[in-house]
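Grab a pencil and open your viewer. Here are a few exercises to work through with the model on screen.

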Amino acid sequence: MAQTVRITIFTIAVIIVLFAFLALYLYNPIKSFVFRKSNTRFFYLKVNRLAHNEDYYLLNDAVFNRGKKGEIHINHILAGHNYIYVVTDVVYHGALEANSYKSEWNFIKKKNVVEKVPNPLLDNKAKIARITMSTGINSSFMIGIVLINNDCEINDFEKEEGDPLLVKAKNLRKTILSFEKRKNIKPFKEKELWQIIQDLNQLGCE
């Protein structure tokens, strides 16, 4: 009986150690996945709330078919009274060395581990070009926004008028309202704006 008890205790101990090892090994990937999903959901809630409060049209998860080139995915197309905002979401827990024109940025993780990541501003700009080509909407009426989590550290970098903006989630409303309050812009007509949204839907937005 004592031998059976010792074997049982040993087996339980091995199982506990094994689970502890797996938990330690998988902690960072799981944490990163959960944080990414949590932030993405937060982005959607924030954009939806803004659209509802300001009475804007909104398309979430817009997908455009490019034939043999595949599809492009846009997280949010927000149609305000003056501009159409093409919003893509990114999540980076760490620091980014941002630059408007470089194809890749340095992403500095914990312990100063550096990883190369694609420039999301250039990706956003390419998506605006795709919308322009597909719809005929003048790109001057579209504002590109890369929405990023609040806890990401970002350096100051040079920007030109008309370039997509890198905006922390907490600053999204303020940024969009600053464009919507511009006095020298002629607002869209309601029927015109409605037709634009319908055209985007017919192009395969989901």
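The exercises below go from confidence to the sheet and then to backbone angles.

**Exercise 1. Find out how far to trust this predicted model.**

Solution. Start with the overall score: the mean pLDDT of the protein is 83, and 78% of its residues reach 70 or more. Next, look for the weak spot. Over residues 26–37 the pLDDT drops below 50, and this stretch has three contacts in the model beyond near neighbours in sequence.

**Exercise 2. Work out the strand order in the open four-stranded sheet, and say which strands stand at its edges.**

Solution. Reading across, the order is β6-β5-β4-β8, with mixed pairing. Now check the ends: β6 (114–118) and β8 (153–154) each have a single partner strand, so one side of each has no neighbour in the sheet. Then zoom in on β4 (residues 95–97) and β5 (residues 104–108), which pair in the antiparallel sense over three bridges. To pick out a partner, take L96: its bridge partner in β5 is F107.

**Exercise 3. What is the sign of phi at D61 and at N112, and where does each residue sit?**

Solution. First, the background: most residues other than glycine have a negative phi. D61 has a positive phi, near 55°, and N112 has a positive one too, near 60°. Now place them. D61 belongs to strand β1 (residues 57–65), while N112 lies in the loop between β5 and β6. Last, check accessibility, where exposed means over 50%. With a relative accessible area of 32%, D61 is partly exposed; N112, at 65%, counts as exposed.

Definitions and conventions
Residues are numbered from 1 along each chain as its sequence is written. This is a predicted model: local features need pLDDT of at least 70, side-chain atom pairs count only at pLDDT 80 or more; totals for chains, interfaces and linings use all residues. Side-chain values use heavy atoms; hydrogens and water are left out. pLDDT is the predictor's confidence in each residue, from 0 to 100. Contact means heavy atoms within 4.5 Å. Two strands pair if DSSP finds at least two bridges between them. Helices (H or I, at least four residues) and strands (E, at least two) are DSSP runs, numbered from the N terminus. Buried means under 20% relative accessible area, exposed over 50%, partly exposed in between (1.4 Å probe, protein chains only).
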